[in-house]
Every structure is written in structure tokens, then in C-alpha cells.
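Here is a short tour of some backbone details that are easy to miss when scrolling through a model. Take a look at the structure first, and then we can walk through it together.

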Amino acid sequence: MTELELKVKQLLEEVAVDYSTTGPLEDAIAAITQSLRSISSEEKVGFETAPKFIEDLGVQANKVKFTFRKPEFIVIGGSYSFKAVARPYLNVDILIRMPKTCFHEKDYLNHRYHAKRCLYLCIIKKHLELCPTVRKIEWSAFRNEARKPILIVHPDVECGVVSEFGIRIIPTAPSLFDTSHLSFNRNNVRAFTTDGLPQATPNYNCSILEDMFLEEDMSFIKQIFMEWKDLREGLLLLKVWARNRSSIYIHDCLNGFIISAILSYLTTESGGKRINHSMTPIQIFRVTLDFIASSKVWDKGLHLHPSSWKNMSEEERKHLPFAVFFGDSSGYHNLAFQFTRSAFLELRDEAAWTLGYMDKYRDSGFEDVFLTKIDFTTKFDYCMRITCKRNCGRVCTSGLFLDKECWRVYEEKVQSLLAEGLTDRANVVRVTWGNTPSDWLIEDGFSKFGDNPLLVGIRVSSLEKAFRMVDVGPSADNKEEAVKFRKFWGQKAELRRFKDGRISESTVWECRQWEKHLIIKRICEYVFSLHLSLSKDDMIIAADQLDFSLLHSGRDPVSFTGDMISAFDSLSKRLRSLEDLPLHVSSVQPLDSAFRQTSVFPPEPHYLAKEKNSSGKSHKFVPSCIQPLEVMIQLEGSGNWPMAYMAVEKTKCAFLLKIAESLQKRWGMMCVASKDEVNVLMAGYAFSLRILHERDPSLLKKPIGNVQTKDISPVKKDLLLCSRHSSMLNGFQGLYPMFGPVVRLAKRWVSSHLFSANLVDEAIELLVAYLFLKPFPFHAPCSRVTGFLRFLRLLSEYDWDLSPLIVDINGELILKDIREINNNFIQSRKPCEENGQTRDQAMFLATSYDRASESWTKLSPTTQDLRRIASYARSSVNLLSGLIEQGGTGARTWESLFRTPLKNYDAVILLHGDRLPYPQRVLFLAELKEGRLVIRGRPSKNFQPYISQEDLKGSFQEARRKLMVNFDPTWCFLEDIKREFPDDFKVWYDSLGGNLIGLTLEKLGPKKRKREGGDEEGRMVDKLRCIGEVGKGFVKSVHVLKIPRS
């Protein structure tokens, strides 16, 4: 048995129902069936039974009277009837046949059938409420079709198979009407006209035909499945696959019945007998997906039974009024009449995407295919929520029900507008409206239908097209098309002459470079405002709601990247041109994350970091600190370098000093030297120069990644590792332009929740890169919100205990390398298994330059830290998904994603916000009202984040001397805490500038606890008071939130 077959077997065991344990359920079904059969009364039924429903349906009161009689026939239908129910969902369908005597021969007209069908169920419900087995009865809509309600009965029994189950009561009406009256080209809703001419009502007709042939179709399918175990198991696999994809397992696409019908078709002659008895469940799964994805049979229509073609005329076959046609066993009804074109195209795309992935990754792709949830918000690049509750009049302009329900018509209208407005910007546009309320009462009619928001999902074709600022329309010479273009775009349309000389209609979406991700949002808002009269409050598009976390004064600092790169290029040329060095500079490499656009706050040009005072304007707020950009330089080769470690370091220092001296002498550049680096101020930026050479001891360390410490101070990382990491990712940003924004949001989230000491920036970059390299079951994200959501899901769902995460950016890892990584991963787990202790390395992150995961995650996060991070990520996923789908209320806001709960810390330290080096980066100044105050301090006057106006009015050179390069009082304070209390507290902090530091007590061993005595609370308060004294002038207050247990 292969690994894939073993996994499939385990999955089937998990989702299949053990029918030997369904005794209580069988008893409940028997009791309900008996209750239905025992109905003896023949009461008169009329409009007054469900007046609001009948009125909303548009049926006259005198057309719905009938004498109720009990069901003629009761049978169990659905997957339960042939033992193919897939857990955890368990619905049992009971089909009840309504007597012909309850209907008139012309009740197929104008929704009379639907009205009587509902009234029939009202009487059934009244009798079932008397059954002692029944706990609760709810109304629902059959396949989300509001005019066809069904009953969901919840028995008062417990079933070990599942915790919750329902029994669906579904009416049927075999042979009720002459099928010729319900052909697809007939009009049976007289109000459905265009310019006074009646229009065909194929969907309305199929709604009735569905009830007429449901029993027959179920019997046909049951006969095929009943004695075919592998086919049933293939059906289970397809259900699991489809259910995990919420945008295709929905009212206008797949459901369990349609999947079983497709499988049945593939076993018949009309389906080419593509499935046979020699196939295994996984083979059946693959054959079915291949048929869905690539078969041309869909173009001309499917027929469940070979002989059913004869029931359709040649004219009907040529002009089928459906997006998809799937003739049932009778040939009169289209099983897929509710399918939309967009839903079918998405289904085919999803099937092809899954097959391609399975072919590429074989056994290793099982979890992604069958176990990963693909919800609406995570799948699409842009998600839109349209609130139609305030716009019911516009939704139902022609009434609630004609051929289609008004909600389906509105879906199609939104779909059509977006397809025309977005053109080639989008690969997939998906519009769904789950309009059936969960607490529907038939007495309310359809008043609550449409309260749920309409959801729109857009998958971008490419960022180049999505960020296009000009859309070119038809030529001015093409009058007819130009008129259509102007009618659609209104005032936005304009005639333009292009560089190639052509004159065409066009639309222009002007925006700043860093706002291009909003172009699709602006197109949608404009189109819906013009054609649907929707206000901006009625349509919420998830695009820029998280931008607030990345902006400075309403502007994204990444917009200065061009200036920064120009400054670096100038510096690089100057370094290479230095002639008075013993060894010439051979290469200059940017290492800082700002160069690859993954820095949350890339430095902005600083007034005092320029060579001279070139600006005549006054500067109100000039930061006193400047963040340097790390740059690595290499010198030409030489055999005269010393071998001793200290000698090499001293020699590098001497070279750096000589470089600084040369730069100052030749160009008058300001240089600030320190022990390990030289900071050069140029063109508004500070560049931190460090030297790497062939005999650098860091190159000779074994293992190469043994550079990470548990210190909370900035880690001087191995230059070689940083160089390799930077080289690898610099090109990656060019391939995936959305990589940078997603990384920035991820880093902001990690820091906001005080995990800066647990996940280093390089690890975050690799995690996000993985989302682009191996996006399945999604496509590579093309929006920052979706990419960020997937990053949170990766943190919360990845099985770090059992699998290494391999990031192969350049595709250079071969099978041998993968085996080496897996062996390294197994070796890293062995000490933990042998000793029964918690391992240090919880996150195994392997790359081509680090196959043992020793660079960025060797010592952090720990297992406990990773669990905490995953828990926070899980909460953020739920919050973010809810905000996209339902919006925010109360405390559930977009800002809440970056607010960390304080209840999880034993103590917290609040810093003076106006003494932070970059106060403009603080998202929220933390305030604390609960807990015990230990100490409160006043702000120091020794440090100010901004240079005073008095100093700025003086000479430029004097003002420059006030500038502090790479100074951060928060880092200094954290180092002091670590030095003074190395074993007492675990420190949680925000490296991007928050004014909150969290403390949790390190667990003491029994010997140390005994040695220190019993007053743990007193000792803790004393230590916290000492921390307040250490940070005097910087610490605002210290609070105890949890009293330690003795």
C-alpha cells in the first residue's frame, strides 16, 4: 500500500459513518415516518395558513385553497439511503409524495404550485410538533431556493455518529403536471414579459420539474451506488474535496446530489463508462475531476440516461437556456438548472488546479487537497461585501419571483457589471448571496431574505493588469462601440490620443504609486455607484483597511524607495572609486530589508543626513534619531590578512576607519565610526558599512547558523547568512510584487503582539515567501489583505511537530537535498523524544543555504512560544475573516488585529510615548486601568525624539551633531532588564516602537523556589520596582496583572 493509499484509507475511516451505530437515528426516522403515515385528518387549507408567504409569492388567495391529505408515499432519499453520508455533516432526507388531489391541473402557473407546496408543509409541521421524538423543527430553503421551503426536524435523541443531525422533509410530486406544459421554452409566469411579450421561464419550470422527478432520479442514482463500495468511497472523497471549497459547494454550483449524479453519469454508457469496477476510490476521484476540468461534453450537455435525449426536440437541444445542462434520468429536467456560468468556470478551474497539483506533488499533496479549508475570504484576492438590506427596492424592481428569484437576478447583474468593468484584470469573479435567513419563520414571508450581505470574490489575473492606470476602449471611429463604452462608464470615459497616434475612448484611474492596489476597489465603487446607485457605505471592499498600520502622516514610506536606491548607487560608486585604500572595494551589497521592500518602516530622507543644507524651507519636526541601512562591502583578495580572530576584527576596524577618512576627505561626507561599523550619512540616509572577507571567522563557524542567541538585544547576525538571504530575496520581490506589502503587514502584526523576540524578521520573510512559492490550494496572493490572512493561517495551522517547512526560492533543491533536510528535521526531534523534554527548536525552517534550520529559528520560538503565536494567529484569522464577511461592530474592528490582549502577561511596563525614538510609528498608546500599580515615573528631559527648533535655527553642522545614528532607548532598556534579571522574567516587546513591554515569570525549579522562600508576590513586586528604577525617565509605570502562585 502506497503512502497516498494509506492516507486515503485513514481519511475514509474518519469521514465515513459507521451505520452499525445509527440505531437511535434509525428509531427517530421510524418514529417521524410513522407520525407522517398516521395523519388522518383531511382539513381545508387556504391563504390564512401562511398569508405573508403567499402574498410575497404574488399568488391570489382564492387560488391556493385545497383539502389536505396525508402523503401518498414516504421514502428515505439522499446519500443516507445508499450509505454514502460524509461526516461531520449528517442530514437524512425523507421524501414525502404530495397527493395529486391537493392540486389543480393548472397549478403550474404563476407560483400556485409553490404556494400549495408551502401550505402542505405547514400542515405537516403542525402534526410533527405533536410527535414526542421531535425536539425542534426549523424552516429552510431547498438548495437556497426561497420559493421551495423544506422542514428540518431535529429529533430529541443522541447519536454517537455525530453530535448534531437533522432530518429534512422534502415534498415531491411525481406525474403531477403534463411535462409539455413545463418545457424550457414555455412561459408559466405571466408577469414575466419584455416590451409586453411573454418570456420563457426555464428556471421556474425546472423548479417544478425537480419535485416531479426527484424520486425517480434518486432511485436511479441509488441503484448504481448501492452495491458499489468503491464508488461510494469515491463520492466521499469528492464531498470532502468540495466541502472544503466553500465557493463551489454552494447553491449555484455543487452539492452532494449533483456530485453523486455526475459519478452515476460516468458509470453509464452516455458517460462513456469512464468509471468501472476495477477502479479504486482515489482513481474515481481523479477521473471525475478530469472530466469536470477538461471534458468537452459539457458544451453540448449531459444526459444521465442514454435514451433521455429523445424527450427533447432538436430545437431545444440547440438553444438550451442554461449555463450548464445536465439532463436527469427522464430527460425532461435539468439537474444543473441553478448553475451559473461563473460558478461552473470556477469549478472547472478548481478541478484542473487540483489535478495539476496532485500530478506534481503526488503523495505529499494529500493534506492540501483534502484537508485544507478554502473559505471565501482566503481564496480571493479582493473580497467585497454589499449590504442590500437598505436597497431592497432596487434589488426587487420587478418583484421577488419571476423566472428566477430576485436575489439570483441581482447576483447576475453584479456579475455582469464586474465582468465588463474589470475586463482582463480578473481571472475569476464570483458573486454569491446566501439569502436564506438561519432563523426563518414562514409567518414572516420573505421579509428577512436578503438581510445577509452579498459577497463578491475577485481573483486577479496579474498585478501588471490589476495595477494598470489606463484602460483603452474602442477607437473613436467605431461609433457604435464608443457609444456603448460611454454609456457604461459615464463621466469617467474620455477620448485620448495615445503615443502610437491612435485616438480611443479610455478611462484613467489616477493614483500615487503606493496606492495602485486600490485601483480595483475604485473601479468597483464607481461602477456600482453608477449602475446600482449604491453608496460607499453599502459596499465594503477589503483592500486598504490595514494600510493604517504602515503609513506615516497619510503616506507610505515605501514611496521613498527610489530615493534610497539612488543614494545607495551613488555611495556604491564612491566606495568603488576610492584609490587610497590598501585593498580596493570589490563589491557593495545592500543587506537591509528596506532594499527588498520588506521593511515595515523604511527610512525616509532625513534633513540632517544630507551633505549640506540644500533646503530653504523650515522643518517643524526633525527626528533626533536616524535608522541606518545595513550595507556589506568586500575587499579585493589578499594573502596578508591575519588568521587570529581579534587580529582580523582589528584589521577590519582599521579598514573601516580608512574608508571613513577617505570619504570625508574626498566628498566631505559625515561618517560616524563605532566598534563594528562605520555609519555614513549621504543624500538624506545613513548607511551602516560592514566588511566581509574570505577569512572572516564567521565563515568558518560550524554550524554556519550558530549565531542566534537568546539575548533580546539586536543580534549581530552572520554577514554571510545575511548576504545569502538578501541575495535570495532581492529578486523574489521582482517576481512577486505583493511579497513586500504582505511581509510588512506580517512583521507589523508580529511586533504588535510583542513577539519580536520570538520571530526574527528573516524568518517572517521566509514564511511569507512560502505562501507565494507553494500557494496550493490557493493561487499566489495578489492583494495584501489576502496574503496577510494566509500568513496568519500558516502560523496557526502548519504542523510544525511533524513537518519541516522548506522554502526553495530559486528551485535549486533536488531530491537529495530534500532528503537531507528531512533527516536533519528527524535528528532535531530525537533528543526531545528520547528525553521526553520540550525541545528548543519548535520551528524548523529550511532553505538552500541553511538545510538544518540553524540560522533564524534554532533557539526561538520555543515550543511554548510557538503555541502562543499560533493561538494569537488563530484568533486573528477568525477576526479578519469576520470583518471581511460581516463587518466590524463594537470591539471587533480592523484596528483590533493589532491590539494585543494584556491578560496573558504577569506584569506590564508602560513607556513614555513621547520618549520613544520614533513616536509616529506607535499604532496605539497602551493604557492600563486594571492590575496593581507598582511604580510610576516622570519622563526624562535628557532625550527628545525631535530636535528642538532652537537647534535647527543654528548652523547646519551644529544641528547635525545632535543627530543620533542607530540609537534606540528601548533596546538599551531591554538589555538592562536582561542583564539585571537574567532568569526572572521572559520579556515580550514590540521592536517597531510600541510603548508596551510584557513580562511573564520564568518558571523556577523546586530547589530555587525553596531557596528563595515563600513570599513570591513580595519578591516579584520588589523586582518590578527595581525595573522601574532601571528605566527611570523612560518608564511611565509598571503594573502587576497576575499574582504568582506559591
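In which loop is the place of Pro-88? Pro-88 sits in the loop between strand S3 (73-77) and strand S4 (91-97). Please keep in mind that this is a predicted model.

**Cis peptide bonds**

The bond leading into Pro-88 deserves a look: from Arg-87 to Pro-88 the peptide is cis, with omega near 10°. A cis peptide bond also runs from Phe-776 to Pro-777, with omega near 10°. Pro-777 belongs to the loop between helix H24 (761-773) and helix H25 (784-797).

**Positive phi angles**

Next come some residues with positive phi, listed here with their values.

| Residue | Phi | Place |
|---|---|---|
| Ala-683 | near 55° | loop between strand S23 (678-682) and strand S24 (685-691) |
| Ser-853 | near 55° | loop between strand S26 (845-847) and helix H27 (863-885) |

Neither entry is a glycine: Ala-683 has its positive phi as a residue other than glycine, and so does Ser-853. Is Ser-853 buried or exposed? With a relative accessibility of 1%, Ser-853 counts as buried, since the cut-off for buried is under 20%. Ala-683, in contrast, is partly exposed, at a relative accessible area of 34%.

**Helix H23**

Now to a helix. H23 covers residues 739-752, which makes 14 residues. From its first C-alpha to its last, H23 reaches 20 Å, close to the 20 Å expected at 1.5 Å a residue. How many residues of H23 are buried? The count is 14 of the 14, so H23 is largely enclosed by the rest of the structure. After H23 comes Leu-754, and its phi is positive, near 65°.

**A sheet with a helix packed on it**

Finally, find the open sheet of 3 strands, in which the order is S15-S17-S16 and the pairing is antiparallel. Strand S15 (470-475) and strand S16 (494-497) are the edge strands, each pairing on one side only. From one strand to the next, the twist averages 45°. S15 and strand S17 (residues 503-508) run antiparallel and are joined by 4 bridges. To see how they line up, locate Val-472, which stands opposite Ser-506 in S17. Helix H17 (residues 479-489) packs on this sheet and touches S15, S16 and S17. The direction of H17 makes about 15° with that of S17.

Technical notes: Residues are numbered from 1 along each chain as its sequence is written. This is a predicted model: local features need pLDDT of at least 70, side-chain atom pairs count only at pLDDT 80 or more; totals for chains, interfaces and linings use all residues. Side-chain values use heavy atoms; hydrogens and water are left out. Helices (H or I, at least four residues) and strands (E, at least two) are DSSP runs, numbered from the N terminus. Buried means under 20% relative accessible area, exposed over 50%, partly exposed in between (1.4 Å probe, protein chains only). The expected span of a helix is 1.5 Å times one less than its number of residues. Two strands pair if DSSP finds at least two bridges between them. Axes are lines fitted to C-alpha atoms, for helices over the stretch in contact, and angles run from 0 to 180 degrees between N-to-C directions. Contact means heavy atoms within 4.5 Å.
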